Every structure is written in structure tokens, then in C-alpha cells.
Amino acid sequence: MKFSGFRIMRHPTMDGIYGVTLRQQYKSDRYADDGYLFLLWDFRNPSMPLIHVRTWQPAGTVHSGDDVISIQDFNLE
């Protein structure tokens with residue numbers, strides 16, 4: 001498994017909320033995938049961080065960096 005292109009963004013108005021985008025490439029003898037993973041993390045309770053959103057986009061569906069899901073795609077207010 002290979003991870004690359006990490007992008008971590010802090011929410012501009014909500015302390016403790018972060019979005020993480022990365023590329024994940026996996027290959028085994030019987031299966032392979034390549035795509036983009038997005039996680040919306042909530043660290044407002046340090047003893048219990050939460051992942052509110054997890055998305056997966058196959059690399060073949062992403063034609064430019066603007067196509068990759070990020071924290072800007074969510075209205076959290």
C-alpha cells in the first residue's frame with residue numbers, strides 16, 4: 001500500500017475540524033485499486049476524535065485536482 005499527496009486543511013471557522021485528502025494505491029496478487037481518500041476529522045473532544053465523513057474516489061474518475069473531494073465541499077455551519 002502506498003500513500004501520497006497528503007493535504008491537511010483546518011476548517012476556517014470551526015476550531016478542531018480538519019479535512020485530510022490523500023492518494024491511496026494498493027496492489028496485491030489478486031486485487032488493486034488507486035484513488036483518493038478524504039476524511040473529515042473532528043478533534044474538538046481530544047479524548048474521542050471522530051471521523052464524520054470518509055469518501056473514496058477511484059483515480060480514473062478524477063481528471064484534475066479540482067475533482068478531488070476536500071473540506072470545501074462541505075457546509076459545516
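Two strands are said to pair if DSSP finds at least two bridges between them, and one such bridge links Met 9 to its partner in E2, Gly 19. The structure described here is a predicted model, and the paragraphs below build up its sheet strand by strand.

**The chain as a whole**

The secondary structure of the chain comes to 0 helices and 4 strands, and read from the N terminus its elements follow one another as β-β-β-β. Along its principal axes, the C-alpha trace spans about 40 × 30 × 15 Å. Of the 77 residues in the chain, 32% are buried, while the area that the chain exposes is about 5600 Å², with carbon and sulfur atoms supplying 52% of it. Among the side chains, 8 are positive and 9 are negative, and the centres of these two sets lie 7 Å apart.

**The sheet**

Strands of a sheet pair through backbone hydrogen bonds, and the pairing may be parallel or antiparallel. In this model the 4 strands form an open sheet in the order E1-E2-E3-E4, with antiparallel pairing. The edge strands are E1 and E4, the latter covering residues 50-58, and each of them pairs on one side only. From one strand to the next, the twist averages 15°. The table lists the pairs of strands with their bridges.

| Strand pair | Direction | Bridges |
|---|---|---|
| E1 and E2 | antiparallel | 7 bridges |
| E2 and E3 | antiparallel | 11 bridges |
| E3 and E4 | antiparallel | 8 bridges |

Individual residues can be placed within these pairs. Lys 27 stands opposite Ala 32 in E3, and E2 and E3 together form a hairpin with 4 residues between them. Further along, Gly 35 has Pro 58 of E4 as its bridge partner.

**The loop between E1 and E2**

The hairpin of E1 and E2 has 6 residues between the strands, and in it Gly 16 takes a positive phi near 90°. Pro 12 also belongs to this part of the chain, since its place is in the loop between strand E1 (2-10) and strand E2 (17-27). Is Pro 12 buried or exposed? Its relative accessibility is 72%, and because a residue counts as exposed when this value is over 50%, Pro 12 is placed in the exposed class. The C-alpha atom of Pro 12 is separated by 9.9 Å from that of Ile 71, although the two residues are 59 residues apart along the chain.

Across the whole chain, among contacts between residues at least 6 apart in sequence, 32% join residues at least 24 apart.

Note on methods:
Residues numbered from 1 in each chain as written. Predicted model: local features only at pLDDT ≥ 70, side-chain atom pairs only at ≥ 80, totals over all residues. Heavy atoms only, no water. Helix = DSSP H or I, 4+ residues; strand = E, 2+ residues; numbered from the N terminus. Buried < 20%, exposed > 50% of the residue type's maximum accessible area, 1.4 Å probe, protein only. Axes fitted to C-alpha atoms, helices over the stretch in contact; angles between N-to-C directions. Contact = heavy atoms within 4.5 Å. Areas by Shrake-Rupley, 256 points an atom, 1.4 Å probe, with all protein chains shown as cover. Lys, Arg positive; Asp, Glu negative; His and termini not counted. Charge placed at Lys NZ, Arg CZ, Asp CG, Glu CD.
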